[in-house]
Each structure stands twice: as C-alpha cells, then as structure tokens.
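Trainee: I have a model open on my screen and would like to learn how to read its salt bridges and surface. Can we go through it together?

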Amino acid sequence: MASLAPPISWTASAQTVRRRVSLALEKEARKARRPSLRLLVAELSYLAEPVLQRVRDFADPYVLPKTHEPQTVMLVPGFLSHPVRMRRMAHKLEQAGHKVKRWGQGMNTGVSEDRLRLAEQRLVDLHRRYGRKVWLVGWSLGGLYAREIAKLQPDLVAGVITMGSPFSGDLRANNAWRVYQLVAGHRVDQVPVEAQLAEKPPVRTIAFWSPRDGVIDPRCAAGRPGERDRAVALRCSHMDFAFSRTAIRAVARELDRS
C-alpha cells in the first residue's frame with residue numbers, strides 16, 4: 001500500500017520554514033535600542049534611486065579626481081544585496097584609476113563558513129593577480145565579512161572600510177535582525193563561524209556610520225576606540241552607503257590616504 005506521508009524533502013522543507021519563521025518571531029530577552037521608525041521609513045526612498053541618480057548626474061555630473069596611488073579594491077555587498085547595487089561606486093572608483101572587483105558570490109544572504117572561505121579565496125586570487133595588497137570595502141553585513149577576511153589574511157589586505165556595519169555592541173540593535181534570522185536560518189548572535197566581530201583586524205580599519213541610518217544603530221556601526229582605527233560620520237541613509245556621492249567620495253578619500 002502506498003504511503004500517504006509527504007516526501008522527505010517536502011517535510012524537511014516545511015520544518016525549515018517553520019523554524020525560520022519561529023526565529024523571526026522569537027521574543028527578545030531584552031529590548032535593544034534601534035533606529036527610529038521615521039528613519040526606517042525614510043530608507044524606502046532608495047527604491048527611487050535609479051531614476052534620481054540619472055537626474056542628478058544629468059543636472060550636476062561629477063567625476064572623482066584621478067588618484068596618484070591606484071589601489072585594488074574588493075567590494076562586498078550588504079545583506080540581501082547583489083554586487084550590482086555597488087556598481088555605481090565601482091564605476092566611479094575605476095574612473096579615478098582604481099582597480100575594483102566584486103566579491104564573486106552574487107547576493108549576500110547571510111553568514112556561513114562556505115561563504116567566508118570563498119570570500120577569503122577571492123582575496124587571495126586578487127592579490128595574486130594584481131601583485132599588491134587589496135582594500136576591502138564592505139557595506140552593512142559585507143563589512144563584517146571584510147573585517148573577518150582581513151583577520152584571516154592580514155598580509156594581503158591594505159585596509160578595511162566598513163559602511164554601516166554592525167560590528168560593535170548588541171547584534172539586535174538594528175531593524176533587520178528578524179529578517180536576517182528568517183533568511184539565514186540562524187540567530188544573529190549565533191553565526192555558524194568562529195568570529196569575534198568587535199575585535200579590530202590587524203590592518204588599517206575605518207568605520208563609516210551615519211546619524212541618518214534607519215537600519216543599523218549608529219553606535220554599532222561607529223564602534224568603540226580599539227575596535228577600529230577611525231570612525232567617520234557621513235550624512236546619508238543606510239541604503240545610500242552603496243551609491244551616494246557622499247559615500248563614494250569618502251571611500252575615494254580613504255583610498256588616496258594610502
């Protein structure tokens with residue numbers, strides 16, 4: 001007689017969905033301080049950015065000044081972001097004379113050991129190909145990857161720039177932790193890799209943060225003395241870190257300090 005039980009794959013899939021939904025809805029042991037709802041709603045303006053960028057560039061085109069010290073740069077996207085979201089930054093930095101490369105993994109869907117090792121290997125490959133140390137520029141979750149890669153391969157890294165990355169303080173002090181747990185399938189404070197997020201990489205480390213950030217608590221993105229070399233405040237939203245003139249120019253200035 002044929003079994004009426006669903007296929008194992010279906011059962012496993014349903015269990016996974018239930019577990020992830022449970023993670024997204026779990027109660028907090030303590031209430032973390034997060035950006036206000038007003039700032040979070042303001043982040044939705046990024047949906048219009050593709051059009052607004054074209055309008056701004058038509059009305060007031062800009063080009064970064066040519067660099068005297070070309071750098072090799074690897075851009076690491078934020079959570080649920082594809083490298084295409086950082087294409088504008090890559091284009092502007094390349095116009096200035098830098099060599100800019102993607103992290104090589106497509107959309108960033110969370111932290112895993114496999115992704116960390118692939119990102120590390122990407123760094124090794126870029127260093128070997130271009131024969132010089134690589135700058136790691138990470139947006140949001142991408143900045144956490146950048147910091148951890150730099151700890152694994154400090155001799156290959158020229159410096160790390162994080163943009164709105166929550167490497168310090170409470171990992172739930174942001175408005176994205178429930179979505180993260182739903183998608184990644186693990187708690188934000190129980191990532192499946194060995195990592196001390198607040199520990200500073202043994203290379204130059206600059207943290208960009210913004211008082212207008214509607215996703216990450218600015219204190220978590222700025223960090224404390226000893227967790228980074230410098231913290232730089234920018235006037236942009238969290239989503240703007242990837243493509244605003246403010247952020248792109250700030251990254252270019254740091255690269256030119258090399």
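Mentor: Sure, let's start with one residue: Arg219 is partly exposed, at 47% relative accessibility (buried means under 20% relative accessible area, exposed over 50%, partly exposed in between, with a 1.4 Å probe and protein chains only). Bear in mind that this is a predicted model, where local features need pLDDT of at least 70, side-chain atom pairs count only at pLDDT 80 or more, and totals for chains, interfaces and linings use all residues. Residues are numbered from 1 along each chain as its sequence is written, and side-chain values use heavy atoms, with hydrogens and water left out.

Trainee: Which residue forms a salt bridge with Arg219?

Mentor: A salt bridge here is a side-chain nitrogen of Lys or Arg within 4 Å of a carboxyl oxygen of Asp or Glu. For Arg219 the partner is Asp217, with the closest N and O atoms 3.2 Å apart. Asp217 is buried, at 7% relative accessibility.

Trainee: How many salt bridges are there in the whole structure?

Mentor: The search finds 13. Some share partners: Glu26, Arg172, Arg187 and Asp189 are joined into one network. Within that group, Asp189 and Arg172 meet at 3.0 Å, N to O. Asp189 sits in the loop between α7 and β5 (205–209), and Arg172 in the loop between β4 (157–163) and α7, so the pair ties together parts 17 residues apart in sequence. Helices (H or I, at least four residues) and strands (E, at least two) are DSSP runs, numbered from the N terminus.

Trainee: Is Arg172 buried or exposed?

Mentor: Buried, at 13%, whereas Asp189 is partly exposed, at 42%.
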